[in-house]
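Let's walk through this fold piece by piece, starting with a pair of strands and working outwards.

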Amino acid sequence: MDELLPQLGISDWGLGIGEEETPNPQCLMPNPLWLEIGFGGGEHLAHQAALNPGVGIIGCEPYINGIGDLLKAIEAQKLSNIRIHGDDARPLIERLPDASIERVFILYPDPWPKARHHKRRLVSTELLNQLARVMKPGAILRLATDHSDYCTWMLERLLPHPSFTWTAKDCDDWLKPWSDWIPTRYEQKALAGRPTYLTFVRNS
């Protein structure tokens with residue numbers, strides 16, 4: 001935390017949220033650029049970074065334990081293509097340039113199951129509007145959840161959204177994980193339910 005995070009933290013390479021200028025992550029990260037919102041323990045993010053060394057990945061996670069776990073993986077695997085935003089992703093997304101992201105992951109976000117807490121759910125029309133702005137045409141949005149009500153919530157907001165198209169052709173496309181998927185500790189907890197894997201593409 002003391003040595004590696006200052007090298008990889010967003011604020012240390014020109015993406016300070018309080019700055020007036022529009023940040024340009026491509027000047028300091030490999031291109032294409034991906035984004036994982038809420039990386040948990042970082043297993044999936046580190047796996048994708050190792051599989052795709054030519055891709056830069058920004059990981060957003062507000063919880064310090066998850067950041068510590070990801071830093072351990074980065075050090076152990078000598079990964080150089082990850083940068084960390086240790087806070088809510090939404091202010092960062094608001095500052096990213098138009099059409100700058102080629103893939104977004106939202107994996108097992110907190111479902112906030114009680115009705116009075118639904119307004120806290122990450123996936124919202126407002127977030128999708130921001131993602132539509134920063135994602136390039138043809139960019140991929142992957143979402144996973146084990147909460148059936150949250151899955152319905154996601155689809156209710158994504159299916160009518162003019163900027164996104166669901167790629168599913170049959171039920172295997174949402175019941176089976178992606179070919180480059182790695183099980184995470186959060187998914188292991190979710191397997192008691194029915195995980196759902198959704199893939200949307202940013203329309204041209």
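## Two parallel strands

Start with β2, residues 56-60: it runs parallel to β3, and 4 bridges tie the two together. To pick out one spot on that seam, look at G59, whose bridge partner in β3 is I84. Keep in mind throughout that this is a predicted model.

## The whole sheet

Zoom out and you'll see an open sheet of 7 strands, with the order β3-β2-β1-β4-β5-β7-β6 and mixed pairing. At the edges sit β3 (82-85) and β6 (164-166), each of which pairs on one side only. On average, neighbouring strands in this sheet are turned by 20° against each other, ignoring direction.

As a reminder, strands of a sheet pair through backbone hydrogen bonds, and they can do so either parallel or antiparallel.

## Helices against the sheet

Which strands does helix α2 touch? Spanning residues 43-51, α2 packs on the sheet and touches β1 (33-37), β2, β3, β4 (101-107) and β5 (135-145). Its direction makes about 175° with that of β2.

Then there's α5, residues 125-134, which lies across β1, β4, β5, β6 and β7 (196-202). Relative to β5, α5 runs at about 140°.

## A look at V104

V104 lies in strand β4. Is V104 buried or exposed? V104 counts as buried because its relative accessible area is 0%, and the cut-off for buried is under 20%.

What is V104 in contact with, leaving aside its neighbours within four places in sequence? The contacts are L35, I37, L131, M135, I140, L141 and R142. Take L35 from that list: V104 and L35 are 69 residues apart in sequence, yet their C-alpha atoms are 4.8 Å apart in space.

## The largest pocket

Now for the open space. The largest pocket has a volume of about 860 Å³, and 37 residues line it. If you want to find its centre, go to G38, E61, Y108, P109 and D110, the lining residues that lie nearest to it.

Several elements chip in: β1, α2, α3 (64-77), α4 (89-95) and α8 (185-190) each supply at least two residues of the lining. Of these, α8 gives the most, with 4 residues. As for chemistry, the lining of this pocket divides into 16 nonpolar, 9 polar and 12 charged residues. So α2 turns up twice in this tour: it packs on the sheet, and it also supplies residues to the pocket lining.

Definitions and conventions:
Residues are numbered from 1 along each chain as its sequence is written. This is a predicted model: local features need pLDDT of at least 70, side-chain atom pairs count only at pLDDT 80 or more; totals for chains, interfaces and linings use all residues. Side-chain values use heavy atoms; hydrogens and water are left out. Two strands pair if DSSP finds at least two bridges between them. Axes are lines fitted to C-alpha atoms, for helices over the stretch in contact, and angles run from 0 to 180 degrees between N-to-C directions. Contact means heavy atoms within 4.5 Å. On a 1 Å grid over the protein atoms alone, a cavity is a set of points where a 1.4 Å probe fits but cannot get out, and a pocket is an open set with protein on both sides within 12 Å along at least five of seven lines; lining residues have an atom within 4 Å of a point. Grid points are joined across faces, edges and corners, and a volume is the space filled by probe spheres set on the points. Ala, Val, Leu, Ile, Met, Phe, Trp, Tyr, Cys and Pro count as nonpolar, Asp, Glu, Lys and Arg as charged, and the others, Gly among them, as polar. Buried means under 20% relative accessible area, exposed over 50%, partly exposed in between (1.4 Å probe, protein chains only).
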